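Biologist: I would like to learn how to read the sheets, helices and cores of a model such as this one, taking one feature at a time. Could you take me through it?

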Amino acid sequence: MKRKTLGLVHTSATLVPVFQQLCKTKLPDVDVFNIADDSLIKDVIRAGELTPLTARRVGQHIASAAEAGADYILVTCSSIGRAVEAAAVQSKVPVLRVDQPMADQAVQTGKRIGVIATLPTTLEPTADLIQRRAQKAGRHVELTSRLCEGAFDALMSGDAVKHDTMVAAALKELSAKVDVIVLAQASMARVVDGLSAENKRIPILASPPLAVDYLATVL
């Protein structure tokens, strides 16, 4: 049987090693390649939204991954999720937005869902996706969103400690109010490892491992 190829499209090179490790562990028989373009997320942050031009460029990267021989494409950034869904309709090969398996699991886990983000441009698309996946599953959910204002800037300027402290505080606060917490950005997942057991009483979902677990079932 021919080995399958997975194409990963990232908006930050920092995610390449994260997914490389996950794919090595969970998809040992799949060939993986990466396309990283951090100008996409910079454009989204600068505009405060996903613009038609950026969405078109996302589509071009997905088409390029298909032309490079991908049997399946995973786009690892939540902020461009809508562009990913639009491009998936046109794509010759299946395309997955990284947060869809996470949204599906959150909807199945509890009614009260907390969403934490460090960028406003990620908070809204993630919340919107969860609502749509809940509707599709025929479930009613209540969303509580938290934006850790300034945490993303701290991380980008090299102050990871400040970022982690802010995210951890939001996680502690939310965990008393909801059944399950969704991390809107892959970059926040490492904060969970540093939390005490007491602050991890409820499920805290991060998109990278759940997306790769889902891919393991289809590849």
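Biologist: How many bridges join β1 to strand β2, and do the two run parallel or antiparallel?

Modeller: As a general idea, the strands of a sheet pair through backbone hydrogen bonds, either parallel or antiparallel. Bearing in mind that this is a predicted model, β1 is joined to β2 (residues 30-36) by seven bridges, and the two strands run parallel. The bridge partner of G7 in β2 is F33, and between the two strands the chain passes through helix α1 (residues 15-26), which makes a β-α-β crossover that is right-handed.

Biologist: Which residues stand opposite L6 and G7 in β3?

Modeller: L6 faces Y72, while G7 has I73 opposite; the pairing of β1 with β3 (residues 72-75) is parallel and extends over four bridges. Six of the seven residues of β1 (residues 4-10) are buried, so the strand is largely enclosed by the rest of the structure.

Biologist: What is the strand order of the open sheet that contains β1, and which strands are at its edges?

Modeller: The order is β2-β1-β3-β4, four strands with parallel pairing, and the edge strands are β2 and β4 (95-97), each of which pairs on one side only. On average, neighbouring strands of this sheet are turned by 20 degrees against each other, direction ignored. Helix α4 lies across β3 and β4, and runs at about 165 degrees to β4.

Biologist: Where do the buried residues of helix α2 lie around its axis, and what do they pack against?

Modeller: The general idea is that an α-helix has 3.6 residues a turn, so residues three or four places apart point the same way. In α2 (residues 39-47), the residues L40, I41, D43 and V44 are buried. They cover an arc of only 155 degrees around the axis, which puts them on the same side of α2. The buried residues of α2 pack against α3 (52-67) and α6 (120-136), and the helix is followed by G48, whose phi is positive, near 80 degrees.

Biologist: Which residues of the largest nonpolar core touch the most other members?

Modeller: The core has 22 residues, and those touching the most other members are V58, I62, I73, V75, I80 and V84. At least two residues each are supplied by β2, α2, α3, β3 and α4 (81-90), and the largest share, four residues, comes from α3. If residues up to four places away in sequence are not counted, V58 touches L40, I80, A83 and V84. Apart from this core lies another, of 18 residues, which includes C148, M188, I204 and A206.

Biologist: In the sheet ordered β6-β5-β7-β8, why is one side of each edge strand left without a neighbour?

Modeller: This is again an open sheet of four strands with parallel pairing. The strands at its edges, β6 (142-147) and β8 (204-205), each have a single partner strand, so one side of each is left without a neighbour in the sheet. Two bridges join β7 (residues 180-183) to β8, and these strands run parallel; the bridge partner of I181 in β8 is I204, a residue that is also among the members of the core of 18 residues.

Biologist: Which helix lies across β5, β6, β7 and β8, and at what angle to β5 does it run?

Modeller: Helix α8 (residues 160-175) lies across these strands, running at about 170 degrees to β5 (112-117).

Note on methods:
Residues are numbered from 1 along each chain as its sequence is written. This is a predicted model: local features need pLDDT of at least 70, side-chain atom pairs count only at pLDDT 80 or more; totals for chains, interfaces and linings use all residues. Side-chain values use heavy atoms; hydrogens and water are left out. Buried means under 20% relative accessible area, exposed over 50%, partly exposed in between (1.4 Å probe, protein chains only). The arc is that of the directions from the helix axis to the C-beta atoms. Contact means heavy atoms within 4.5 Å. Two strands pair if DSSP finds at least two bridges between them. A crossover is right-handed if, with the strands pointing away from the viewer, the path from the first strand over the helix to the second runs clockwise. Axes are lines fitted to C-alpha atoms, for helices over the stretch in contact, and angles run from 0 to 180 degrees between N-to-C directions. A nonpolar core is a set of buried Ala, Val, Leu, Ile, Met, Phe, Trp, Tyr and Cys residues joined through side-chain atoms within 4.5 Å.
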